[in-house]
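Me: Could you take a close look at one part of this structure for me? I would like to see how one helix sits among its neighbours, told as one connected story.

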Amino acid sequence: MIRSLFLLPILLGLVLGPAQASPVEVNGARFEASFEADGQRWRRLGSGLFRYMIWDAYAGAYYQGDGNPNPAPQARIPRHLELAYFHAIDAEDFAEATRESLRQALGEAEYAALEAGLEAFNRRYRDVTPGDRYALTWAGERLRLRLNDELLYEGDDPQLARALFGIWLGPRPLRDDFRDALLGR
């Protein structure tokens, strides 16, 4: 019996390890198990599909910097969220959705404190077409927004980073099931 208890973690590692090290495909969008960017090695913790009403809106994957094995999307650790879109969306729709999501999630004082930085961030959004990918990265000191690997925004406000990641990964996300999938729950 005791021997079985020692062998169980090893066997589970052999069974689950390769699956976590492999790329995943979510509704046709592929997400690597790990990658290197911004001087950091990133490891995928989870992935999922975001549904809006009856539509598959986008697929996403959440990564953290190596050495941060437990999900901590609201901490000041390196983190990366990538979203692959299945429908065209206008830049202003992204900006308005970001404003509304943060207004609902934050108190008025916290929202007001972030508003100037948020508006600078929102001005950087671009229209997307099916297959485009936005990536939001906090690399430890810098917040970056990329569209298809093109850098659109760079800033250094950790509170803005926390709020933006909170839209999908915070205590009051857009959808609990999507957050939980991204966090590998």
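What follows is a walk around helix α2 and the residues it meets.

Reply: Happy to! Please keep in mind that this is a predicted model, and that everything below is computed from it.

A little orientation comes first. The protein chain has 185 residues, of which 41% are buried. It contains 5 helices and 9 strands, and along the sequence these follow the pattern α-β-β-β-β-β-β-α-α-β-β-β-α-α. Taking contacts between residues at least 6 apart in sequence, 54% join residues at least 24 apart.

Now to the helix itself. Helix α2 covers residues 91-105, and helix α3 covers residues 108-122. Two packed helices are described by the angle between their axes and the distance between those axes. For α2 and α3 the angle is about 165° and the axes are 11 Å apart. Angles over 145 degrees count as roughly antiparallel, so α2 and α3 are roughly antiparallel to each other. The crossing of α2 past α3 is right-handed. On the α2 side, the contact is made by A95, T98, R99, L102 and R103, while α3 contributes Y111, E115, L118, E119 and N122. Sorted by class, this contact of α2 with α3 has 4 nonpolar, 2 polar and 4 charged residues.

R99 deserves a pause here. This arginine sits in helix α2, and with 13% relative accessibility R99 counts as buried, because the cut-off for buried is under 20%. Setting aside neighbours within four places in sequence, R99 is in contact with E92, Y111, L118, E119 and N122.

Helix α4, residues 158-169, offers another packing arrangement for α2: the axes of α2 and α4 come within 10 Å and cross at roughly 90°. That makes α2 roughly perpendicular to α4. Here T98, S101 and L102 of α2 meet A163, L164 and I167 of α4. T98 and L102 were also named in the contact with α3, so you will find them in both lists. The contact of α2 with α4 divides into 4 nonpolar residues, 2 polar ones and no charged ones.

L114 is a good place to see how α3 relates to this neighbourhood. L114 lies in helix α3 and is buried, with a relative accessible area of 7%. Not counting residues up to four places away in sequence, L114 touches L106, D157, Q159, L160 and A163. For L114 and A163, the separation is 49 residues in sequence and 8.7 Å in space, C-alpha to C-alpha. A163 is also one of the α4 residues that meet α2.

Back on α2, the aromatic side chains add another link. The structure holds 13 aromatic pairs, and one of them joins F94 and Y134 edge-to-face, at 5.1 Å centre to centre with 80° between the planes. This pair links distant parts of the chain, with F94 in helix α2 and Y134 in strand β7 (residues 133-138), 40 residues apart. F94 counts as buried at 10% relative accessibility, and Y134 counts as buried at 4%. Y134 also pairs with Y125, again edge-to-face, at 5.6 Å centre to centre and 85° between the planes. Y125 is buried, as is Y134. These residues belong to one aromatic cluster made of F50, Y58, Y85, F94, F121, Y125, Y134, Y153 and F178.

Finally, here are two loop residues to have a look at for their backbone angles. M53 has a positive phi of about 60° although it is not a glycine, and M53 lies in the loop between β4 (40-52) and β5 (55-65). At 63% relative accessibility, M53 counts as exposed. D149 likewise is not a glycine and has a positive phi, of about 75°. D149 is found in the loop between β8 (143-147) and β9 (150-155), and counts as exposed at 74% relative accessibility.

To draw the picture together: α2 runs roughly antiparallel to α3 and roughly perpendicular to α4, while F94 of α2 pairs with Y134 of strand β7.

Notes
Residues numbered from 1 in each chain as written. Predicted model: local features only at pLDDT ≥ 70, side-chain atom pairs only at ≥ 80, totals over all residues. Heavy atoms only, no water. Axes fitted to C-alpha atoms, helices over the stretch in contact; angles between N-to-C directions. Helix = DSSP H or I, 4+ residues; strand = E, 2+ residues; numbered from the N terminus. Parallel < 35°, antiparallel > 145°, perpendicular 65-115°, else oblique. Left-handed = near helix turned anticlockwise from the far one by under 90°. Contact = heavy atoms within 4.5 Å. Nonpolar A, V, L, I, M, F, W, Y, C, P; charged D, E, K, R; others polar. Phe/Tyr/Trp six-rings, centres within 6.5 Å; stacked < 30°, edge-to-face > 60°. Buried < 20%, exposed > 50% of the residue type's maximum accessible area, 1.4 Å probe, protein only.
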